[in-house]
Amino acid sequence: RFISADEAKAGPAERAGIPGSPASPEGEERRDPPQATVSNGGEAESGKELVELKVIWNKNKYDVKFCLDSTGAELKQKIHSLTGLPPAMQKVMFKGLLPEEKTLREIKVTNGAKIMVVGSTINDVLAVNTPKEAAQQEVKAEENKKEPLCRQKQHRKVLDKGKPDDVMPSVKGVQERLPTVPLSGMYNKSGGKVRLTFKLEQDQLWIGTKERTEKLPMGSIKNVVSEPIEGHEDYHMMAFQLGPTEASYYWVYWVPTQYVDAIKDTVLGKWQYF
């Protein structure tokens with residue numbers, strides 16, 4: 001048929017009157033269809049503000065986008081899905097121990113923040129604990145054959161000096177979590193002052209004296225033994241086994257009794273809430 005000059009300028013779709021073309025009435029509305037957004041977590045669409053985190057556990061690093069208004073407990077669940085590490089066995093560190101009940105916004109987590117995770121899976125704990133527990137039972141059996149530790153000559157030298165003036169107060173009959181400050185005011189085998197610092201985020205025990213500080217990985221300590229001090233049962237003498245024999249024991253005297261179980265559990269890898 002004959003095509004007018006105006007029709008010749010229009011494209012084939014306009015001449016055919018196809019919906020969505022500029023010639024159709026709906027064309028103006030449909031010219032730019034909306035683009036679908038892509039989200040990893042599905043939270044951006046609901047308007048939740050995300051923060052980018054670097055989660056570090058057992059030399060592994062995970063880049064995570066997480067809702068800023070989620071709690072520490074919810075972050076533990078996310079870490080569980082990434083690492084297989086149950087929340088009850090996680091120690092999550094961000095400027096100290098991460099509070100479970102507070103949101104990431106409340107504790108001022110920002111983009112790029114590093115979240116340190118300390119903890120072992122059930123299988124790892126069983127693999128490590130079995131020989132340690134066996135060693136501990138052997139040591140206890142051997143100790144039962146001997147006189148009490150605090151009566152032995154090597155320990156009497158230190159204990160006869162008496163209780164240190166600046167020793168930390170003790171609470172008999174109570175078990176407490178490790179304090180956030182170092183345990184101080186105690187003696188070592190040579191009678192010098194010693195302090196214990198538990199670096200949970202690094203999985204290390206720091207044994208500090210006036211001369212130097214030894215930084216020991218928790219996994220390198222093979223056993224921990226302790227015994228109440230006669231006449232002062234609210235304090236213990238305690239030893240950390242740093243090598244294969246008793247000669248490697250590092251002795252610490254006047255440990256407040258309320259922290260003894262927490263020290264053993266932390267060093268031997270029996271993770272609990274702290």
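## A first tour of the model

Tyr249, Trp251 and Tyr253 form one aromatic cluster. You are looking at a predicted model, and this trio is a friendly place to start. The protein chain has 274 residues, and 40% of them count as buried. Its secondary structure adds up to 7 helices and 11 strands.

**The chain as a whole**

- The accessible surface of the protein chain is about 16300 Å², and carbon and sulfur atoms make up 51% of that surface.
- Take the contacts in the chain with a separation of 6 or more: 52% of them come from residues 24 or more positions apart.

**The aromatic cluster**

- The model holds 3 aromatic pairs.
- Tyrosine 249 and tryptophan 251 make an edge-to-face pair, because their ring planes meet at 70°, with the ring centres 5.9 Å apart.
- Tryptophan 251 also pairs with tyrosine 253, and this pair is stacked, with 6.4 Å from centre to centre and 25° between the planes.
- Are tyrosine 249 and tryptophan 251 buried or exposed? Both of them are buried.
- Tyrosine 253 is buried too, as is tryptophan 251.

**The sheet of four strands**

- Look for an open sheet of 4 strands, arranged in the order 2-1-4-3 with mixed pairing.
- Which strands sit at the edges? They are strand 2 and strand 3 (91-93), each of which pairs on one side only.
- On average, neighbouring strands of this sheet are turned by 30° against each other, ignoring direction.
- Helix 4 (residues 72-83) packs on the sheet and touches strand 1, strand 2, strand 3 and strand 4. The direction of helix 4 makes about 140° with that of strand 2.

**How those strands pair**

- As background, strands of a sheet pair through backbone hydrogen bonds, either parallel or antiparallel.
- Strand 1 (residues 50-57) and strand 2 (residues 60-67) are antiparallel partners, joined over 8 bridges.
- Within that pairing, isoleucine 56 stands opposite lysine 61 in strand 2.
- Strand 1 and strand 2 form a hairpin with 2 residues between them. Asparagine 58, in the turn, has a positive phi of about 55°.
- Strand 1 runs parallel to strand 4 (residues 113-118), and 5 bridges join the two.
- Tryptophan 57 has valine 117 in strand 4 as its bridge partner.
- Strand 3 and strand 4 pair in the antiparallel sense, over 3 bridges. Here lysine 91 has valine 118 of strand 4 as its bridge partner.

**The nonpolar cores**

- In soluble globular proteins, nonpolar side chains tend to be buried together.
- The largest nonpolar core has 24 residues, and the members that touch the most others are Leu183, Leu196, Phe198, Leu205, Phe240, Ile263 and Val267.
- At least two residues of this core come from each of strand 5 (183-188), strand 6 (193-199), strand 7 (204-208), strand 10 (232-241), strand 11 (249-256) and helix 7 (260-268).
- Which element gives the most to this core? Helix 7 does, with 5 residues.
- A second, separate core of 21 residues has Val51, Val109, Ala113 and Ile115 among its members.
- Back in the largest core, leucine 183 touches Met168, Val194, Arg195, Leu196, Phe198, Tyr259 and Ile263, leaving out residues up to four places away in sequence.

**Two buried residues to find**

- Methionine 237 belongs to strand 10.
- Why does methionine 237 count as buried? Methionine 237 is buried because its relative accessible area is 0%.
- Leaving aside neighbours within four places in sequence, the contacts of methionine 237 include Leu149, Cys150, His155, Trp251 and Tyr253. Trp251 and Tyr253 are familiar from the aromatic cluster.
- Methionine 237 and tryptophan 254 are 17 residues apart along the chain, while their C-alpha atoms are separated by 5.8 Å.
- Where is threonine 209? Threonine 209 lies in the loop between strand 7 and strand 8 (213-217).
- Threonine 209 has 14% relative accessibility, so this loop residue counts as buried, since the cut-off for buried is under 20%.
- Not counting residues up to four places away in sequence, threonine 209 touches Asn188, Lys193, Val194, Arg195 and Tyr250.

Key:
Residues numbered from 1 in each chain as written. Predicted model: local features only at pLDDT ≥ 70, side-chain atom pairs only at ≥ 80, totals over all residues. Heavy atoms only, no water. Buried < 20%, exposed > 50% of the residue type's maximum accessible area, 1.4 Å probe, protein only. Contact = heavy atoms within 4.5 Å. Areas by Shrake-Rupley, 256 points an atom, 1.4 Å probe, with all protein chains shown as cover. Core = buried A, V, L, I, M, F, W, Y, C linked by side-chain atoms within 4.5 Å. Pairing = 2+ DSSP bridges. Axes fitted to C-alpha atoms, helices over the stretch in contact; angles between N-to-C directions. Phe/Tyr/Trp six-rings, centres within 6.5 Å; stacked < 30°, edge-to-face > 60°.
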